[in-house]
Each structure stands twice: as structure tokens, then as C-alpha cells.
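Subject: The structure I promised you

Hi,

Here is the structure we talked about. Open it up next to this email and follow along as you read.

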Amino acid sequence: MNKHEETRKMGLLLSDDGKIEKINEWAIEDRNKLEALCDYYGISDTSEKFYELSLALARDFLPEKKKRGVKTKWTELVQAVLVAEVDRLVSKEGTDRDLLWAFRQLSETSPWCEFIKVHNWEYFGNNPSEVIRKHYYKSQHSQWALIARDALKYHEINNDLDGWNNFILLVVKGQTDK
């Protein structure tokens, strides 16, 4: 029960004017307490001060929940770019390569080999191509993978594989450097 509920009860015999007077007293009391809190938090007198006060109180009394587990660098975008790269290697003209070959190729080439080494590939029995395989199958049907495949097609159509490779470096190295 709120402590104010006990002190803020209307008397049954109060007149209408008495009730209005009591409500006005409580409003002034509440306003003074809000003003005192603004002073305590160092909030200046602006039209937004009570909004700022509510944010300050929320920050103090409702801390952010911490996410559990290890923070992964294998973001959806990194996985999507990986899917597009695997598909590109497998579909190259004049090759009869399969997915396992593509997984192995990427795990041995930059920037993927550095990315895997930085991000705990030893959990897969020291087999970096297994890391690639795991993330490929996890993400191959995602919306992000469709977008990455379209981005790759755009670069292929425009004869700009250097642009695609720069994009890969930007995405993968960006996560490695964090």
C-alpha cells in the first residue's frame, strides 16, 4: 500500500469546497516534490523538465538488463555475406566444386581465416571449415542472405567484383576489429 493513500483520504463529511481545497493542497505538495527531485537531479527549468526527470528516475531505478552469454561477432550481416560468398564460389563457371570445397576455401582465405581465428574456432575441433559450414547452414535461408545475394548479383552485373570484395572486407574486418 502506498504511504500517501493513508494520508490522502477525503473525509466523508467534507463539503465540495473542502474537497476542492484538499485536492489543491495535494497538487501543490506533489508539484513541490517534483520540483525538489528536479533540483536533486540538476534538471533545469524547461518545458521538458518532468520528462527529463522521468528518464533520470528510470535510469536510476530500472537498470538495463544485461544480455547473457558470449557476445557474438557472427552478426546476421556477416553470416549473410558468408552465404553469398559460398554460393559464389560453388557457382563459378567451369568448376564442379561442392559446398565442402567452398567451406574449406573460405576458411583458408582472408578475411575469413582471420575472422575465424579471432572468434573461437577451436571449439569446432580445430576445423575452421566446420565453422563456415555451421554458419552457412544456419543462415542460408535468412532474409539477410537474400539481400547479400542480391548485392553480389549487382556487383557481378556491373563487373565490380572489387567492390564486392571491398564490401566483404568492410563487413568482416569491421567485426574483427571490435
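Let's start with a question: how do H5 and H7 lie relative to each other? Keep in mind that this is a predicted model. The axes of helix H5 (residues 99-108) and helix H7 (residues 128-139) cross at roughly 120° and come within 8 Å. At that angle, H5 and H7 are therefore oblique to each other. Their crossing is right-handed. If you want to look at the contact itself, pick out Leu99, Phe103, Arg104, Leu106 and Ser107 on the H5 side. On the H7 side, select Pro128, Ser129, Ile132, Arg133, Tyr136 and Tyr137. Sorted by class, the residues of this contact of H5 with H7 are seven nonpolar, two polar and two charged.

Now zoom out for a moment. The protein has nine helices and zero strands, and reading along the sequence you get the pattern α-α-α-α-α-α-α-α-α. There are 178 residues, of which 28% count as buried. Take the contacts with a separation of 6 or more: 53% of them are between residues 24 or more positions apart.

Back to the helix pairs. Two packed helices are described by the angle between their axes and the distance between the axes, so I'll give you both each time.

H5 has another partner, H4. The axes of H4 and H5 come within 9 Å, with a crossing angle of roughly 120°. H4 and H5 are therefore oblique to each other, and H4 passes H5 in a right-handed crossing. From H4, the contact uses Leu82, Glu85, Val86, Leu89 and Val90. From H5 come Leu99, Trp101, Ala102, Phe103, Gln105 and Leu106. By class, that contact of H4 with H5 has nine nonpolar residues, one polar and one charged. Watch for Leu99, Phe103 and Leu106 when you click through H5: they are among the residues that touch H7, and they are also among those that touch H4.

The other pair to look at is H2 with helix H3 (residues 49-61). Here the axes are 10 Å apart and the helices pack at an angle of about 65°. H2 and H3 are therefore roughly perpendicular to each other. Their crossing is left-handed. H2 brings Arg31, Leu34, Glu35, Leu37, Cys38 and Tyr41 to the contact, and H3 answers with Lys49, Phe50, Leu53, Ala56, Leu57, Asp60 and Phe61. In this contact of H2 with H3 there are nine nonpolar residues, no polar ones and four charged.

On to the charges. Side chains of opposite charge can pair when their charged atoms come close. How many salt bridges does the structure hold? There are ten, and three of them make a nice tour.

- Arg8 with Asp30: the closest N and O atoms are 2.6 Å apart. Arg8 sits in the loop between helix H1 (3-7) and helix H2 (16-41), while Asp30 is in helix H2, so this pair ties together parts that are 22 residues apart in sequence. Asp30 is partly exposed, at a relative accessible area of 33%.
- Arg31 with Glu35: here the closest N and O atoms are 3.2 Å apart. Both Arg31 and Glu35 lie in helix H2, four residues apart, which is about one turn of the helix. Arg31 is partly exposed, with a relative accessible area of 43%, and Glu35 is partly exposed too, with 23%. You have met this pair already, since Arg31 and Glu35 are among the H2 residues that meet H3.
- Glu85 with Arg88: the closest N and O atoms are 2.8 Å apart. Both are in helix H4 (residues 76-90), three residues apart, again about one turn of the helix. Are these two buried or exposed? Glu85 counts as buried at 5% relative accessibility, and Arg88 is buried with a relative accessible area of 14%; the cut-off for buried is under 20%.

Beyond single pairs, salt bridges that share partners join Arg8, Glu29, Asp30 and Lys33 into one network. Try showing the side chains of those four together.

Have fun with it, and write back if anything is unclear.

Cheers

Notes:
Residues numbered from 1 in each chain as written. Predicted model: local features only at pLDDT ≥ 70, side-chain atom pairs only at ≥ 80, totals over all residues. Heavy atoms only, no water. Salt bridge = Lys/Arg side-chain N within 4 Å of Asp/Glu carboxyl O. Helix = DSSP H or I, 4+ residues; strand = E, 2+ residues; numbered from the N terminus. Buried < 20%, exposed > 50% of the residue type's maximum accessible area, 1.4 Å probe, protein only. Axes fitted to C-alpha atoms, helices over the stretch in contact; angles between N-to-C directions. Parallel < 35°, antiparallel > 145°, perpendicular 65-115°, else oblique. Left-handed = near helix turned anticlockwise from the far one by under 90°. Contact = heavy atoms within 4.5 Å. Nonpolar A, V, L, I, M, F, W, Y, C, P; charged D, E, K, R; others polar.
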